[in-house]
Amino acid sequence: MLHATSELEFSNENNTEEISQLASLALSDDTATSKKTSAGLPEKTGYRDSVYVTAANIFQGIRFEKSPEKVLIKYGNEPLPSLTESEDESFQRSSYELAFSALKYQDILETILIDSYIFPSATIPDHLSSLIIVMLYDFQDRKFQARFLSDNEEPIAEVQEVENLLNSFKIKLAAALARCRIKHDALSIYHILPETVRNQELRASTLPLYAWINTCKISPEDVYYSLKKRGYNKVKSVLHIDDKVFAMDQHCYDVLIFPSHLKNNLLNIDLFKDYKLIFQDKSRSLAVHSVKALLNMDDDILVVNTGSWYTVAHMSVLTNNNTSKIFVCGVKSQAKDPDLKNLFTKMGCKNIEILHEAFLNIESKDHRLQKVKVILLLPRCSGLGVSNPVEFILNEHEDTDLLKDFSQGGTSEDKLHILVQQQYEQLTHAMKFTKAQAVVYCTCSVYPEENEDVIKKALEFQDRGIKVQPYRLSPPVLPLSSLKEIHLSTDKFFRMEPSEVTNGCFLSVLTRERDPSEAVSVKDVLARAAAKGLLDGIELGKTSKREKKKKKKSKISLSKAPTSNNGGIQMKIAEFLTRESNANADRSEILTTKTSLPQKNTTTAGSSSQVRKPNKPASNSLVPTFTKNTSHPRPYVRQTHLARSRPEDRVMTLKPVEIVLPPVMLPFPGSQEIKSQLPTRHLYYRWVGPKTLMPSYFPSPVISRRGEKPKENLPSSLLRRPRPWL
């Protein structure tokens with residue numbers, strides 16, 4: 001190795017000036033960093049030795065391999081030995097961020113090492129090359145200042161060796177960095193990066209923070225009160241605000257939004273330390289809320305490709321008052337079970353069950369999944385709609401190879417084809433679960449190949465042979481807060497384009513079509529309403545028996561009626577009875593349906609609507625099942641023949657009325673044969689109904705005056721009046 005003393009003697013005024021100029025030329029986007037420094041915050045002082053080693057091993061696995069003729073630096077194949085493997089989230093994030101930064105500037109860093117004559121003048125083992133790259137990036141990011149060493153950590157020999165080497169070549173490294181900037185005619189080396197990568201980093205530095213409220217541990221009101229005590233004020237928007245503020249999300253009622261610069265402050269307060277507020281990308285909150293809108297009280301959920309464990313916990317919190325169980329598949333290592341159970345216990349989640357099988361290996365007839373009604377599919381995707389790739393990799397447990405795509409600002413065609421095929425296989429497998437009634441598909445990608453194309457292909461080629469209704473697209477079940485969202489959702493997909501407010505998101509809801517054989521009768525609707533306590537104690541059983549007897553009697557009387565010219569009158573009476581019976585039944589059905597649907601859970605989305613399920617258990621067989629509630633966006637369709645009904649018919653509760661028919665008066669009094677069958681005594685008849693609600697249509701019998709003969713040969717005065725039963 002080259003001695004540090006021989007290199008430090010190379011110092012002169014010109015090199016010192018180059019170093020001072022280099023201080024303003026950072027490899028990363030230092031717009032936010034320079035502001036922090038000018039505000040008086042401490043500058044970067046480096047990482048712990050263990051972070052450098054972990055970052056070097058990550059970089060070793062994701063670095064770009066060049067052809068033999070273009071190789072500048074040789075990398076070893078063996079990872080560096082690590083003293084401890086920390087599972088600390090902050091440690092992992094720092095390691096991945098350092099490795100990803102080195103990956104983005106791999107070509108530039110290699111050029112600087114060659115231009116400064118570190119390679120090949122110094123004898124460096126190949127297995128240390130990755131460590132040199134990550135430490136060089138941090139060295140220039142600290143403006144070639146000395147690293148702060150902590151006394152609490154045991155130093156690592158390899159890290160100390162590389163650090164001494166870089167310090168000995170500090171001046172030459174500064175000169176090589178300045179020449180690289182001049183060569184590319186760039187204000188900073190950051191501007192050498194592809195434009196897509198630069199835009200991604202810019203959005204990542206300003207993107208608001210989203211956090212959902214863990215209502216198992218705290219109420220929203222207590223969260224607002226606690227934040228207010230700490231100086232946080234509630235506003236409508238957190239954009240371009242440097243104060244301590246927060247806002248409510250417009251799509252998810254339990255999600256709060258904070259400015260990006262407050263993350264370090266928020267992580268140190270009890271609300272986040274005690275898992276009362278949890279940071280989570282908004283797309284995952286949209287997914288779990290879409291699942292919640294489709295559930296009944298005892299419906300189970302299957303989560304595929306878990307993503308963040310916080311997403312599973314959010315789903316559990318939303319179903320805390322239900323008897324639902326959440327199955328999570330795809331957890332390969334059983335060694336993580338104790339840690340996961342401990343995490344869920346701290347968060348107050350009790351209804352989560354982990355399945356270690358891969359999703360494609362789980363049979364649709366698995367006895368554990370017979371009550372699964374909704375499948376939440378979070379497929380592995382390119383994630384090019386995400387601004388912070390490190391957060392995406394850490395939270396979604398994705399393959400670190402995706403960092404290569406993020407560093408180049410796009411995904412190769414071959415890689416995209418592999419992802420699309422995996423997504424299609426998982427979606428079609430989810431649609432084979434016959435007990436399931438809905439599939440929620442959510443990605444963080446902006447590529448149509450991973451979103452709309454996968455959905456349309458799966459719907460087109462779904463298996464029609466199984467004895468269940470096919471799937472169809474359903475409108476979004478989330479409130480649309482802008483005209484742009486309404487326009488993007490016209491084809492029943494929910495999309496959010498990457499912006500300064502959110503990451504990209506695609507969400508689709510597939511539900512089974514209504515089975516035509518499941519026609520709902522009036523009796524079923526009334527029985528369901530009675531089961532929910534909506535008919536105020538009306539006894540449907542006795543009423544239905546009386547109606548059956550009267551219908552039976554009316555059929556017998558009609559069949560025994562004479563078949564003379566009077567048959568037309570009897571037919572009109574029969575038509576009237578049928579028409580009135582149907583009208584009463586239809587009105588009762590509509591009234592019951594309107595009463596049973598909870599209006600407060602109805603969410604308007606564009607031109608369509610979705611109805612949330614009631615929070616009462618649906619264990620009774622008479623309660624509407626899942627498919628009947630989710631297959632149509634409208635809760636009911638008004639019957640066409642009731643369009644001209646009177647206003648009072650819509651609000652008055654209809655009750656059964658007894659109808660007594662008048663005797664049949666033949667128009668041929670000379671027919672002795674028929675006349676002999678009629679009674680000799682004439683009586684008056686009237687409608688029999690509630691005395692307080694319905695007045696009599698006909699007068700009661702009038703006592704004849706003294707000395708006046710009754711008019712036996714004349715037709716009854718009843719026949720001269722209008723006949724309301726015709």
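**An enclosed helix and its surroundings**

Helix 18 (residues 389-396) is largely enclosed by the rest of the structure, because six of its eight residues are buried. The model described here is a predicted one. The buried members of helix 18 are Pro389, Val390, Glu391, Phe392, Ile393 and Glu396. Five other helices serve as packing partners for these buried residues: helix 5 (89-104), helix 11 (195-206), helix 13 (263-267), helix 15 (282-292) and helix 19 (402-408).

It helps to step back to the whole chain at this point. The chain contains 28 helices and 15 strands, and 43% of its 726 residues are buried. Its accessible surface is about 40300 Å², with 52% of that area belonging to carbon and sulfur atoms. When contacts between residues at least 6 apart in sequence are considered, 77% of them join residues at least 24 apart.

Ile133 offers a view of the interior on the scale of a single residue. Ile133 belongs to helix 8 (residues 129-141) and is buried, its relative accessible area being 0%. Leaving aside residues up to four places away in sequence, Ile133 touches Phe59, Tyr75, Ala102, Leu109, Glu110 and Leu113. For Ile133 and Glu110, the separation is 23 residues in sequence and 7.5 Å in space, from C-alpha to C-alpha.

The loop between helix 8 and helix 9 (157-168) holds Lys143, and Phe144 is found in that loop too. Most residues other than glycine have a negative phi. Lys143, however, has a positive phi near 60°, and Phe144, also not a glycine, has a positive phi of about 60°. What sets the two apart is their exposure: Lys143 counts as partly exposed because its relative accessibility is 31%, while Phe144, at 4%, counts as buried.

Charged side chains form the next part of the picture, with 17 salt bridges in the structure. In one of them, the side chains of Lys282 and Asp249 meet at 2.9 Å, N to O. Lys282 sits in helix 15 and Asp249 in the loop between strand 3 (245-248) and strand 4 (255-258), so this pair ties together parts that are 33 residues apart in sequence. Lys282 counts as buried, with a relative accessibility of 6%, and Asp249 counts as buried at 8%.

Another salt bridge joins Arg368 to Asp366, with 2.7 Å between the closest N and O atoms. Here Arg368 counts as partly exposed at 26% relative accessibility, whereas Asp366 counts as buried at 13%. Arg495 and Glu452 also form a salt bridge, in which the closest N and O atoms are 2.7 Å apart. This pair links distant parts of the chain, with Arg495 in strand 12 (residues 494-496) and Glu452 in helix 21, 43 residues apart. Both Arg495 and Glu452 are buried. Elsewhere, Asp49, Arg147 and Glu163 are joined into one network by salt bridges that share partners.

The surface, finally, has a charged feature of its own. Glu413, Asp414, Glu449 and Asp453 gather there in a patch of negative charge. Glu449, a member of this patch, is found in the loop between strand 10 (438-443) and helix 21 (452-460). With a relative accessibility of 35%, Glu449 counts as partly exposed.

Conventions
Residues numbered from 1 in each chain as written. Predicted model: local features only at pLDDT ≥ 70, side-chain atom pairs only at ≥ 80, totals over all residues. Heavy atoms only, no water. Patch = residues over 30% accessible without salt bridge, like charges linked within 9 Å, V, L, I, M, F, W, Y side chains within 5 Å. Areas by Shrake-Rupley, 256 points an atom, 1.4 Å probe, with all protein chains shown as cover. Salt bridge = Lys/Arg side-chain N within 4 Å of Asp/Glu carboxyl O. Lys, Arg positive; Asp, Glu negative; His and termini not counted. Charge placed at Lys NZ, Arg CZ, Asp CG, Glu CD. Helix = DSSP H or I, 4+ residues; strand = E, 2+ residues; numbered from the N terminus. Buried < 20%, exposed > 50% of the residue type's maximum accessible area, 1.4 Å probe, protein only. Contact = heavy atoms within 4.5 Å.
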